[in-house]
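Trainee: I would like to learn how to read features off a model like this one. Could we go through them one at a time?

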Amino acid sequence: MFNDITLKAKIRLLVVVPLLISVLMVGRFLALQYAELDQLASTHQRYETLNFYTPLIQDLRALQLNAVTGDSDVVAQNRLAARADNVFTQYQFQHNAGFDALAQELSVWLKLPASGPWLDRLDWILATSDWQSHFLRNLEAIPVEVDDVVLREGILSYQQLLWLQHYVSEEFIYLSMMMTQPNGVELYHERLLKNVERQQVYADRYLYVYASEQQIERLLNLYTYSAFVDGQAFRQDILYNPNFDPTDWPLWQADAQLRLSLLSSVIEAVKLDISVQTQQDYASAQAAFWLTIGALILLFIFTSGLGIALAKRMLESIRDVDITMRKLEAAKDYSIRVPIRGRDEFAQLADTLNTLIDERHRSETNLVDAKEEAERANRAKSIFLANMSHEIRTPLNGIIGMSNILVDTELDPKQMEYLATIKSSSNALLSIINDVLEVSKIEAGSVTIHPVESNIEALCYDVAAIIAPKAAEKQITFEVDIQEKLPQLFKADEHRLKQILLNLLSNAVKFTQEGVVLLTLSGEVVAGRFNATFSVEDSGIGIDENQLDNIFKPFKQEDDSTTRRFGGTGLGLSICKQLADLMGASFSVSSIKGSGSVFSLYIEMPVVQLQSEYTPARHASVVLVDENSLSAKLTERECRRIKLDCHRFQHVYQAAEFLGADPTPTGIGAILVRYQPSMSDAQLESLSKIAPVVLLVNSGQSVLVQSGFKLMHTLPARGQRLRQILLSVVNDKLVLLREPSKEVVETQSHNAEILLVEDNAINMQVAKTVLVKAGFTVHTAEDGKEAIDVWLNNEVDLVLMDCMMPVMDGFEATRQIRAIEKQLHSEPVPIIALTASVLDEDIRLCYQAGMDGYVPKPFENQQLIGTIEKHLVTKAPESGALVAK
């Protein structure tokens, strides 16, 4: 999520967030300082307020003394009540929740008379004394929230003095009651003792805990006065001497008033110290507060300005880089530079980027030069490979062509062996040339994938038809296992997929001496796409696990002994891997040395059409005779797909017994019999009396029986071909053929005239021999110019045109023929390229020049004849009829 924020926003946040944090921290600091100021102001206000309460307390103590002697002054009491109401109303303490109740309590007591009987006066005295204690407790409960230790301890010492003053005043009252009331000494002795103890407690707190040296000195000086010394002696005499002299009482009263006055002066001095200290601290704190505010404002202005300037500089630099790079990418103008402003790191960055722009310019220039050089080298390599291929294929065509011609002559076994060696070596050389050219095309990037609607099942069986003869030559069992529920049409590059499978299967057959080669297709449909797995499994020599990573590299085989023993260039698997990558497919290999290998191709193909359901014309079943369990399972699956029940047997006699159990068996639509050399015509004829027999034979297998079957089908091809045969046989729609005693070949003769244009005498001789043998009339020409003359002077039905020739090449000759046809408004003659140029661009040139087909050299005889028949409108043969193969 953070990466989604623009860099500009991040820079702004980099400036704003620290400023906000700074503001919060400064605000908190200022709030603390302001709170300290407020506390100092509150403290100062508290002691200013006490100035109004102190006279009230003093007048109240005077009324208490008057009440002791009975000399109550009602006027003074009323005046004090009015003053108390006024003071409590006008001068309030902060945190004064308890003072409101005290004000109401004092107002009540002051309205009651302090005269009358002694007990009433005693209640009033004790109540007002308790009120004073409550007042001091509430005053003491007000929190002392100041940081200055001296000030805080001064306040606490002041409170101790107030308590001391309170108990000294109570001592005066108790002594007065002891002197004036009957039995006063006995009644108030305990109270006086407690009072003295409390005085000592608060005096000790003052002296040893809170007071400063100056304040201690003041109190000690106070206690040296004669009034304090005599007063303490009189108090001790009363407390501890039963025979004290009461005549000293008047003198002690005068000393008591003096003691209270002196103590009040000390309290006032302490209060003055507190007030002065508070004012000084307040002034200092206030000055510090405003100084801090001023400094912080200046710092904030400086920081903000610096942050904004930095952000502006960064954004300008980023914008300069962004604009420059955009212009550079759009215009490819390497003269554009990032503006350099100032001498800071951004300026250095701009200078570095300008240097990188220069380096990029040089790199791109060098890259373009290198690319052009590589393209020139690639073109040179392609030209070299094309020329090499052309020059090798030209004589190779003569070798293979003459070998094919020699096959049809009378040769002894030794000569046939030599001829087979020539053909095998020629085909191996041709395979090497094709592999080298294919790798060259892939490396040059000229191979593209063209997905078309394809029937993958048919493709697999087409590949199987090509591989089956090679497997039969080595007496290897070869089967194709395609899953039952397979979509019918896919989008795939059929040519490249077929090329991969042919390579894999050719390798499997080559490296397997005995056993089985199995091609498997399986997969599943997911969201309209078929995730296919093509697997080629063999029981061959296997691959060492340590060599599995090398087998897909060009010119690599498992080891040198493999190359010496089996041959090959090591390009096949490399081509497969690169083609698979182009198609978005992948490979996996598993192998056990000496036990075989499994190559799997994983490819995803869009589904065009799902497999349609077969609807049989009538309910029927088939009998299958096949001793090979894998082959029988695959054939039975094909029967199941077209809703045919299948009865499987390993031997013919078992099937005969099954069919013979019912003299007139019904529901048997066909009998499939896998041919074995031990079978006889009689066995098959007995089966054919019950139902049509379809003989299943291996590719290239010699069939000794000549009767008893309706038709033969070559395995491992199954799929649509086998299913169509079964449906036709079961539904009695198969056209009966002659029962051949051997493989029937095509015996068609041709009366068409062919113009063969070829500059190489040997290749002309090979092609002419093949064409004449096929019944064609052949005209020849050695270059394109001569070919035009021959074409104009003869009724030519088709032209076989070489491409690379002297005087005039085949491309130009074709263009001129097409131009003449256009001028004469004549039917275009079919022109087929017969050339050793096999690169894609060469093939495109053929069609661009106006040619209709293409046959590469070296060619197989049937390949050439088949291509001619495809493009030729043949005249009706004079005699004979076409016979089915």
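Mentor: Start with helix H15, residues 572–582, where Lys577 and Asp581 sit four residues apart, about one turn of the helix. The model is a predicted one, and in it the side chains of these two residues meet in a salt bridge, 3.2 Å from N to O.

Trainee: Are Lys577 and Asp581 buried, partly exposed or exposed?

Mentor: Partly exposed is the class between 20% and 50% relative accessible area. Lys577 counts as partly exposed because its relative accessibility is 28%, and Asp581 falls in that class because its value is 44%.

Trainee: What separates Arg360 and Glu364 in helix H10?

Mentor: About one helical turn, because they are four residues apart in H10, which spans residues 345–407. Their salt bridge has its closest N and O atoms 2.9 Å apart. Arg360 is partly exposed at 28% relative accessible area, and Glu364 is partly exposed at 26%.

Trainee: How far apart in helix H22 are Glu821 and Arg818?

Mentor: Three residues, again about one turn of the helix. Glu821 and Arg818 form a salt bridge with closest N and O atoms at 3.0 Å. The cut-off for buried is under 20%. Glu821 has 5% relative accessibility, so it counts as buried, and Arg818 is buried at 17%. Elsewhere, salt bridges with shared partners link Glu457, Glu638, Arg641 and Arg723 into one network.

Trainee: How many salt bridges does the structure hold?

Mentor: The count is 21.

Trainee: Now the sheets. What is the strand order in the open sheet of five strands?

Mentor: A strand order is read from one edge across to the other. Here it is S9-S8-S10-S11-S12, and the pairing is parallel. Strand S9 (645–649) and strand S12 (711–715) are the edge strands, each of them pairing on one side only. On average, neighbouring strands of this sheet are turned by 25° against each other, direction ignored.

Trainee: Over how many bridges do S8 and S10 pair?

Mentor: Strand S8 (residues 621–625) and strand S10 (residues 668–674) pair in the parallel sense over five bridges. Within that pair, Val625 of the model stands opposite Val673 in S10.

Trainee: Which strands does helix H17 lie across?

Mentor: Helix H17 (residues 652–660) lies across S8, S9 and S10, and runs at about 150° to S8. Helix H18 (residues 681–688) also packs on the sheet, where it touches S10 and strand S11 (693–698). The direction of H18 makes about 140° with that of S11.

Trainee: Next, backbone geometry. Which peptide bond leading into Pro716 should I look at, and what is its omega?

Mentor: Look at the omega angle for each bond before a proline. The bond from Leu715 to Pro716 is cis, with omega near 15°. Pro716 is placed in the loop between S12 and helix H19 (719–730). A cis peptide bond also joins Lys857 and Pro858, with omega about -5°. Pro858 has its place in the loop between strand S17 (853–856) and helix H24 (861–871).

Trainee: What is the phi of Lys643, and where does that residue lie?

Mentor: Check the sign of phi, then the residue type. Lys643 has a positive phi of about 65° although it is not a glycine. Lys643 lies in the loop between helix H16 (629–641) and S9, and is partly exposed at 42% relative accessible area.

Val807 likewise is not a glycine and has a positive phi of about 65°. Its loop runs between strand S15 (798–801) and helix H22 (810–824). Val807 is exposed, with a relative accessible area of 68%.

Trainee: Which residues make the nonpolar surface patch of about 360 Å²?

Mentor: Leu13, Val17, Ile21 and Met25 make that patch. Leu13 lies in helix H1, residues 7–69, and counts as partly exposed at 41% relative accessibility.

Trainee: Last, the totals. How many helices and strands are there in the protein?

Mentor: There are 24 helices and 17 strands. Of the 885 residues, 43% are buried. The accessible surface comes to about 46300 Å², and 56% of that belongs to carbon and sulfur atoms. Among contacts between residues at least 6 apart in sequence, 71% join residues at least 24 apart.

Definitions and conventions. Residues are numbered from 1 along each chain as its sequence is written. This is a predicted model: local features need pLDDT of at least 70, side-chain atom pairs count only at pLDDT 80 or more; totals for chains, interfaces and linings use all residues. Side-chain values use heavy atoms; hydrogens and water are left out. Patches are made of residues with over 30% relative accessible area and no salt bridge: like charges are joined within 9 Å, nonpolar side chains (Val, Leu, Ile, Met, Phe, Trp, Tyr) within 5 Å. Accessible areas come from the Shrake-Rupley method with a 1.4 Å probe; for residues, only the protein chains shown count as cover. A salt bridge is a side-chain nitrogen of Lys or Arg within 4 Å of a carboxyl oxygen of Asp or Glu. Helices (H or I, at least four residues) and strands (E, at least two) are DSSP runs, numbered from the N terminus. Buried means under 20% relative accessible area, exposed over 50%, partly exposed in between (1.4 Å probe, protein chains only). Two strands pair if DSSP finds at least two bridges between them. Axes are lines fitted to C-alpha atoms, for helices over the stretch in contact, and angles run from 0 to 180 degrees between N-to-C directions. Contact means heavy atoms within 4.5 Å.
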